[in-house]
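The following paragraphs offer a guided reading of a single protein chain. Please keep the sequence and the model in view while reading.

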Amino acid sequence: MKRSIAILGSTGSIGTQTLDVIRRHPDLFEVSLLSAGSNADLLVRQALEFKPAAAVICDPAGYDKVNGALSPHDIKVFAGIDSACGLVAGEHVDIVVGAMVGFSGLKPTLAALKAGKTVALANKETLVAAGSPVIRTAMENGGHIIPVDSEHSAIFQCLQGAGANRIEKIHLTASGGPFRTWSKERISAAKAGDALKHPNWNMGAKVTVDSSTMMNKGFEVMEAYWLFNTNPDRINVVVHPESVIHSMVEFADGAVIAQMGCPDMRQPIGFALGFPDRLEVGNRRLDLPSLGALHFEKPDTGRFPCLALAFDAVGRGGNVPCALNAANEVAVKAFLKDRIGFYDIPDICGRVMDGIGFQASPSLEDIFSTHAEASAKALELL
């Protein structure tokens with residue numbers, strides 16, 4: 001039987017690559033729902049190709065354009081994030097791809113897990129901001145999370161066949177981003193255009209900036225903490241500029257299992273959609289002799305303080321990671337508009353973290369309240 005796929009964030013980098021995987025396997029998958037933030041034109045083109053039962057444009061300003069183009073083709077069109085939350089819980093949805101960027105992906109992800117769906121999760125902010133409520137919702141309702149982030153997919157793949165053997169350490173690899181070899185003085189003068197020149201990965205603007213600050217890797221530490229029930233002191237970050245080893249798992253006997261591949265997000269997407277089967281996804285294959293050598297370095301938190309902030313946040317726990325995520329979203333948006341400098345990002349994030357009202361065991365309502373409070377504080381600091 002075909003698996004019915006709902007894609008949250010279909011017009012972004014992960015969403016478009018997910019559709020490419022589905023396009024290669026029309027015998028295995030069909031699209032039941034597409035949702036986009038504000039890119040109405042691309043959403044229309046995708047819907048006309050894949051013929052989902054419904055499409056959601058989260059920005060109501062684009063509703064008339066999308067509805068006018070799709071309603072003659074018997075595709076129902078909805079507006080707003082709440083519509084997406086209702087549709088992902090539908091009985092005809094098998095897998096929900098969480099590809100929305102930022103905190104906005106939390107509500108529909110929770111709705112899908114509450115309905116007992118399998119969520120192929122690429123939206124790291126969902127677990128960063130609300131790890132405890134998200135995992136609890138999945139466990140209580142029979143929902144499942146399969147990670148799509150390349151690093152967490154790698155860990156997940158490494159654990160297949162591990163049985164009850166306890167994880168000794170997780171080694172998260174990081175490319176180091178575009179500023180890996182830059183001095184702190186040179187980095188301090190970097191603009192958004194410099195940060196968007198990632199050497200290995202094709203990602204959206206927000207994630208690419210997060211990679212340049214290494215906040216992205218800090219968020220992945222938090223994700224690993226929730227996904228694999230592993231204490232932060234057992235999660236190690238190592239800079240690996242070739243981005244060939246996507247992450248590693250170390251066991252009690254010292255054995256380290258690594259997942260390798262060319263940098264291409266279609267591989268972890270295909271693994272999540274087809275699990276437990278592996279699918280051909282059109283990605284480039286490793287030519288091991290041509291690699292020559294692989295390199296590993298310790299991350300420099302002096303040049304990349306966002307990584308240290310993330311470890312601090314997960315160590316404090318409670319609602320602090322949520323505050324960090326909210327402040328980072330505001331700061332990155334400002335940096336992309338050249339309103340602030342590179343090192344203003346960790347400065348704003350640190351000050352918001354320190355100023356937030358701490359809650360050790362936040363409810364879901366507390367998470368939304370913290371996000372709003374931290375966002376407001378970050379805007380004030382701008």
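A residue is called buried when its relative accessible area is under 20%, exposed when that area is over 50%, and partly exposed in between. The model considered here is a predicted one, and this vocabulary can be applied to it helix by helix.

Consider helix α2, which covers residues 40-50. Which of its residues are buried? They are Ala40, Leu42, Leu43, Val44, Gln46, Ala47 and Phe50. These buried residues pack against four elements: the helices α1 (13-24) and α3 (63-70), and the strands β2 (29-36) and β3 (54-57). Just after α2 comes Lys51, whose phi is positive, at about 50°.

Another buried position is found in helix α17, which spans residues 364-381 and contains Ala378. Ala378 counts as buried because its relative accessibility is 0%, and the limit is 20%. Leaving aside residues up to four places away in sequence, Ala378 touches Ala327, Val330, Ile348 and Val352. By contrast, Pro147 is 231 residues from Ala378 in sequence, and their C-alpha atoms are 30 Å apart in space.

The next topic is charge. Side chains of opposite charge can pair when their charged atoms come close. In the whole structure, a search finds 19 salt bridges. One of them joins the side chains of Asp20 and Arg23, with an N to O distance of 3.4 Å. Both residues belong to helix α1 and stand three residues apart, which is about one turn of the helix. Are the two partners buried or partly exposed? Asp20 counts as buried because its relative accessibility is 18%, whereas Arg23, with a relative accessible area of 40%, is partly exposed.

Other salt bridges link distant parts of the chain. Lys217 forms one with Glu151, and their closest N and O atoms are 2.9 Å apart. Lys217 lies in helix α11 and Glu151 in helix α7, with their positions 66 residues apart in the chain. Both of these partners are buried. Glu151 also takes part in a polar contact, in which its side chain meets the side chain of Ser150 at 3.1 Å. Ser150 lies in helix α7, which comprises residues 150-158, and it counts as buried because its relative accessibility is 8%.

A further salt bridge brings together the side chains of Glu168 and Arg234, at 3.7 Å from N to O. This pair, too, links distant parts of the chain: Glu168 is in strand β8 (residues 167-174), while Arg234 is in the loop between α11 and β9 (235-239), 66 residues apart. Glu168 is partly exposed, with a relative accessible area of 27%, and Arg234 is likewise partly exposed, at 24%. Elsewhere, salt bridges that share partners join Asp20, Arg23, Arg24, Glu49, Asp264 and Arg266 into one network.

Finally, the reader may turn to the open spaces of the model. The second largest pocket holds about 350 Å³ of space. It is lined by 16 residues, of which Ile135, Trp226, Leu227, Phe228 and Asn229 are the closest to its centre. Which elements give two or more residues to this lining? They are α6 (124-141), β7 (144-147) and α11 (215-227). In character, the lining of the second largest pocket divides into 11 nonpolar residues, five polar residues and no charged ones.

Terms used
Residues are numbered from 1 along each chain as its sequence is written. This is a predicted model: local features need pLDDT of at least 70, side-chain atom pairs count only at pLDDT 80 or more; totals for chains, interfaces and linings use all residues. Side-chain values use heavy atoms; hydrogens and water are left out. Buried means under 20% relative accessible area, exposed over 50%, partly exposed in between (1.4 Å probe, protein chains only). Contact means heavy atoms within 4.5 Å. On a 1 Å grid over the protein atoms alone, a cavity is a set of points where a 1.4 Å probe fits but cannot get out, and a pocket is an open set with protein on both sides within 12 Å along at least five of seven lines; lining residues have an atom within 4 Å of a point. Grid points are joined across faces, edges and corners, and a volume is the space filled by probe spheres set on the points. Ala, Val, Leu, Ile, Met, Phe, Trp, Tyr, Cys and Pro count as nonpolar, Asp, Glu, Lys and Arg as charged, and the others, Gly among them, as polar. A polar contact is a pair of N or O atoms within 3.5 Å; within protein, one must be able to donate a hydrogen and the other to accept it, and residues adjacent in sequence count only if both atoms are side-chain atoms. A salt bridge is a side-chain nitrogen of Lys or Arg within 4 Å of a carboxyl oxygen of Asp or Glu.
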